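Let's explore a protein model together, one question at a time. Take a look at the structure, and then we'll begin.

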Amino acid sequence: FFFKQKTAYEIPKRDWSSDVCSSDLPEVIGKGSSRCAYDLGNDTVLKLAINAKGIAQNKVEATVGRDEDVKRIITKVIDMSQDFTWLISEKATPIDRPQFNNATGWDWYDLGRTITALKKNPDQIDQILARVPSTTASGGGGCLKGKEFYVYLMNYLNKYGNVLQADITAKDSWGINKKGCAVLLDYGMSDRIYDEMYAKRK
């Protein structure tokens, strides 16, 4: 993974800057205020932190992305640096509303309010989902569909309770993996990171 003639494993701290997002390393497929994402060409993505906020998000993803309990709803983390300046994860392509609906059997527009309702009344999942319009799921084998999608998603949110819900319900945080499953590809933002590194700077 070459970065200006250096491997991603050898990127020194002095190279952290927004310039990395416009470098000629592998194709840039995502750019935010804290990280850049590069397509490494082998169904994997390099996420490179460009500041302390990016390192904090990489650290969260390095933990969650190796958790077997939630692996079906996130892109798996394959490798990372010891200081979390970079990590490599499975690739998922950006998702649109029809793809999400087809993969999960649920309409994208209902995601936020359904999560909120399930958080308030976790023992009423059947009653809540009965009121949510559904579609026929066409995701591949092993994909989370129908009721299982929300059961698994809520287990993830309950286990990692500091996940920023606004981030989870952002379409840019979801993608389609090579199996055709809807998965979270950007899940590094937590309530703590937002409060300490974003909200206080407004």
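Q: Which residue in strand 4 does V28 stand opposite?
A: This is a predicted model, in which local features need pLDDT (the predictor's confidence in each residue, from 0 to 100) of at least 70, side-chain atom pairs count only at pLDDT 80 or more, and totals for chains, interfaces and linings use all residues. Residues are numbered from 1 along each chain as its sequence is written, and side-chain values use heavy atoms, leaving out hydrogens and water. Strand 3 (residues 28–31) and strand 4 run antiparallel, joined by three bridges; strands (E, at least two residues) and helices (H or I, at least four) are DSSP runs, numbered from the N terminus, and two strands pair if DSSP finds at least two bridges between them. Opposite V28 in strand 4 stands Y38.

Q: Are the residues of strand 4 buried or exposed?
A: Buried means under 20% relative accessible area, exposed over 50%, and partly exposed in between, using a 1.4 Å probe and protein chains only. On one side of strand 4 sit R35, A37 and D39, and on the other C36 and Y38. Both of these faces are covered, and five of the five residues in strand 4 (residues 35–39) are buried.

Q: In strand 5, which residue is the bridge partner of C36?
A: Strand 4 pairs with strand 5 (residues 44–49) in the antiparallel sense, over five bridges. The two strands form a hairpin with four residues between them, and G41 in the turn has a positive phi of about 85°. In strand 5, C36 has as its bridge partner L48.

Q: Which residue caps the N-terminal end of helix 2?
A: Helix 2 spans residues 97–104, and its buried residues include F100 and N101. Just after this helix, G105 takes a positive phi of about 90°. At the N-terminal end, a side-chain oxygen lies 2.9 Å from the backbone nitrogen of Q99, and the residue that provides this cap is D96.

Q: Which strands are at the edges of the open sheet with the order 8-9-10?
A: Three strands make up this open sheet, and their pairing is antiparallel. Each edge strand pairs on one side only, and these edges are strand 8 (93–94) and strand 10.

Q: What is the bridge partner of I176 in strand 10?
A: Strand 9 and strand 10 are antiparallel partners over three bridges. Within strand 10, I176 has as its bridge partner A182.

Q: Which helix gives the largest share of the largest nonpolar core?
A: A nonpolar core is a set of buried Ala, Val, Leu, Ile, Met, Phe, Trp, Tyr and Cys residues joined through side-chain atoms within 4.5 Å. The largest one has 36 residues, and F149, L153, Y156 and W174 have the most contacts inside it. Its largest share is seven residues, and they come from helix 5.

Q: Which residues does L153 touch, not counting those up to four places away in sequence?
A: Contact here means heavy atoms within 4.5 Å. By that rule, the residues L153 touches are I73, L111, I115, I168 and W174.

Q: How far apart are the C-alpha atoms of T116 and Q165?
A: T116 lies in helix 3 and is partly exposed, with a relative accessible area of 32%. Along the chain, T116 and Q165 are 49 residues apart, while their C-alpha atoms are separated by 9.1 Å.

Q: What is the mean pLDDT of the chain?
A: Over residues 1–18 the pLDDT is below 50. Across the chain, 83% of residues reach 70 or more, and the mean pLDDT is 83.

Notes. A polar contact is a pair of N or O atoms within 3.5 Å; within protein, one must be able to donate a hydrogen and the other to accept it, and residues adjacent in sequence count only if both atoms are side-chain atoms.
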